[in-house]
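Biologist: I have the model open and would like a close look at a single part of it. Could you pick one and walk me through it slowly?

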Amino acid sequence: MIANQLTKKDSKLSMAHMWVAFISLLIGGLMGLLQTLVRTGRFTLPFGIDYYQILTVHGVILALVLTTFFIIGFQFSLMSKTVGMSDRERVWAWIAFWVMLVGTIAAATMILLGKASVLYTFYAPLAAHPIFYFGLTLVIVGTWIACFVNFHQLYKWKKANKGEKSPLLAFMVVINMIIWFISTIGVAATVLIQFIPWSLGIVDEINILVSRTLFWYFGHPLVYFWLLPAYMAWYGIIPKIIGGKIFSDGLARLAFILFLLFSIPVGFHHQLLEPGIDPFWKYIQVVLTFAVAIPSLLTAFSMFATFETAGRAKGFNTLFGWFKALPWKDVRFFAPMVGMIAFIPAGAGGLVNASNQLNLVVHNTIWVTGHFHLTLATTVILTFFGISYWLVPVLTGRKLDEKTNRLGIIQTIVWAIGMFFMSGSMHIAGLLGAPRRSAFSEYNGSEQVTEWIGYQYGQAIGGSILFIGIIIMMYTFIYMTFFAPKGVEEFPIAETAEDAEPTPMIFENWRLWIGIAVVLIAFAYTIPFIDIIQNSPPGSPTFKGLIGNS
Ligand code: HAS
């Protein structure tokens, strides 16, 4: 192992995950471009391909496959770097990778064959081929193996370093994987107990509200599973890149613990307009949703503090002078920073969604699609791109050279412009009532549709610019992997500021935090869930007809 680098074996493991993530980016991005073109009403898909088929590929491949592989690969590299990985752990990590990959290929094949056009939320009563659900199950089982590898890595480190505070990034990885493990129990339950028997014809009907509730029990923490690795980079890596220090290790850990507590018992905010759930429990979960915004506000504070102290330490002492001290020409900082700036309106949009009355206006409109293209496809993805500009060279034994840096800066600007048009148009069209999850339609010549058309062109323009961004990113990925100059690239891990308050050891009390998380989940879900089951309407048979997934 070269100093500051990972071992060859660890690098290979993370790099395998990066390959799957970037190939997914290309396929999923192409589908996204096609969708925006179809929605102008001027473009028809060739060879009888169905709109909902490509929409499913887009959602599953980008929201589930790209993210999961990138996150797990990145987290393995953080764990190897901070607490180490044994040969046995690495064998299990590879098993996790292959199980996830086989599951992904199975599910993707069914979608491509037109047998699973059920979108990434696979809402019942839309039914897919059973192999699609088996594929998803394998993906989840694979991630669980990865969870336990990470848990074991930290456990081993703690045993060897009794009484010591665990490395910040390892602590963060473990929190993220605990959130993932607890939340995926919900989606595993609905897939195994409800969807698989129903799609195999063993049972005739499915309880739709139960399936959606179990899905969203998983679906909201899923968004934090995406966000937290970006926060790992913001808290633990960016300070090093800007030549500063982590403002407060304790504050960073507190933010992550708050995510563990509040990110799960909030799924009802995706179901505010769904009948059959007692409004009192929706209210409780909305309150908890506002609580889960607090760790993001803490993060905003912490990042500003990090930037300001770094700038002042370099002698930029006026009120906003520190802003100039930031390394704007370094893509490792620039790409995540653009992501952070995007998170200000993106997060505000989330708070709009969470407000019961405003949710009435935006729910099921394309505003929501605009929201997650700002949060996930801008804030999170630009941070992931920012990570890959140094991580891929570290993994391949190459250098982040001037060419990569320049391409990365251009890519970030192209992405920001594309997303401004696409997500901006989505937000506005949504406010004008344009629905989400729908192909182009004139709705029998309804006048209201004319108000949306301009914004649908806006989405296509944005989508085309974004696709150029994807091509640049793919080129840069290939360049970094095979052609950049060989050398030793820095794996940047920040240190905490000397004058930061000491981190309370109670943050390492895993039993306490997991215990409180479980109590909160039980409180928010038990009574409404019993109510949903006891007062269920009749179940639904499979529905495969209209969208070609016969
Ligand atoms: Fe969301 C729907 C509420 C965050 C993703 N969300 C979705 C869906 C997705 C998604 C995928 O309450 C659609 C699911 C579907 O298919 O139906 N969301 C929220 C709230 C937050 C939030 C309250 N969402 C996210 C994140 C996502 C994501 C993060 C992905 C990564 N969302 C909702 C609701 C719905 C919803 C409802 C359902 C809507 C419906 O009706 O269907 C919060 O976590 C947001 C808190 C964020 C902040 C911002 C803090 C700002 C920071 C940046 C600091 C900047 C710096 C730079 C330091 C409070 C940290 C400064 C530099 C300068 C130069 C100025």
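Modeller: Let's start at the iron and then follow the helices and loops outwards.

Before that, some housekeeping: this is a predicted model, where local features need pLDDT of at least 70, side-chain atom pairs count only at pLDDT 80 or more, and totals for chains, interfaces and linings use all residues. Residues are numbered from 1 along each chain as its sequence is written, and side-chain values use heavy atoms, with hydrogens and water left out.

So, which residue is the only protein donor of the iron atom of the ligand? That's H371, whose NE2 sits at 2.2 Å from the iron (donors are N, O and S atoms within 2.8 Å of the metal, or 3.2 Å for Na, K and Ca, and with water not among the atoms a site may look incomplete). H371 belongs to helix α12, residues 366-396 (helices are DSSP runs of H or I, at least four residues, numbered from the N terminus).

Stay on α12 and look across to helix α14, residues 447-483: the two axes come within 10 Å and cross at roughly 15° (axes are lines fitted to C-alpha atoms over the stretch in contact, with angles from 0 to 180 degrees between N-to-C directions). The pair is therefore roughly parallel (angles under 35 degrees count as that, over 145 as roughly antiparallel). Their crossing is left-handed (the near helix is turned anticlockwise from the far one by less than a right angle). On the α12 side, the contact uses I366, F385, S388, Y389, V392, P393 and T396, while α14 brings Q459, M473, T476, F477, M480 and T481 (contact means heavy atoms within 4.5 Å). Sorted by class, that comes to 8 nonpolar, 5 polar and no charged residues (Ala, Val, Leu, Ile, Met, Phe, Trp, Tyr, Cys and Pro are nonpolar, Asp, Glu, Lys and Arg charged, and the others, Gly among them, polar). Going back along the chain from α14, you reach the loop between α13 (402-431) and α14, where Y443 sits. Y443 isn't a glycine, but its phi is positive, near 45°. Most residues other than glycine have a negative phi.

Now swing over to helix α9, residues 279-313, which packs against helix α15, residues 510-534, at about 160° with the axes 10 Å apart. That angle is why α9 and α15 are roughly antiparallel, and α9 passes α15 in a left-handed crossing. W281, I284, Q285 and L288 of α9 meet L520, F523, A524, Y525, I527 and P528 of α15, giving 9 nonpolar, 1 polar and no charged residues.

Helix α9 has another partner, α10 (residues 331-354), with axes within 11 Å and a crossing of roughly 155°. So α9 is roughly antiparallel to α10, and that crossing is left-handed. From α9 come V286, T289, F290, A293, S296, M303 and F307, and from α10 come F333, M337, M340, F343, L351 and A354. The tally is 11 nonpolar, 2 polar and no charged.

Finally, some loops. Helix α3 (residues 87-112) has 26 residues and reaches 37 Å from its first C-alpha to its last, close to the 38 Å expected (1.5 Å times one less than the number of residues). Just after α3, G114 has a positive phi of about 80°. In the loop between α3 and α4 (130-160) you'll find P125, and the peptide bond from A124 to P125 is cis, with omega near 10°. A124 and N207 are 83 residues apart in sequence, yet 8.3 Å apart in space, C-alpha to C-alpha. N207 lies in the loop between α5 (168-199) and α6 (208-236), and, leaving aside neighbours within four places in sequence, N207 is in contact with Q194 and S536.

Notes
Helices (H or I, at least four residues) and strands (E, at least two) are DSSP runs, numbered from the N terminus. Angles under 35 degrees count as roughly parallel, over 145 as roughly antiparallel, 65 to 115 as roughly perpendicular and the rest as oblique.
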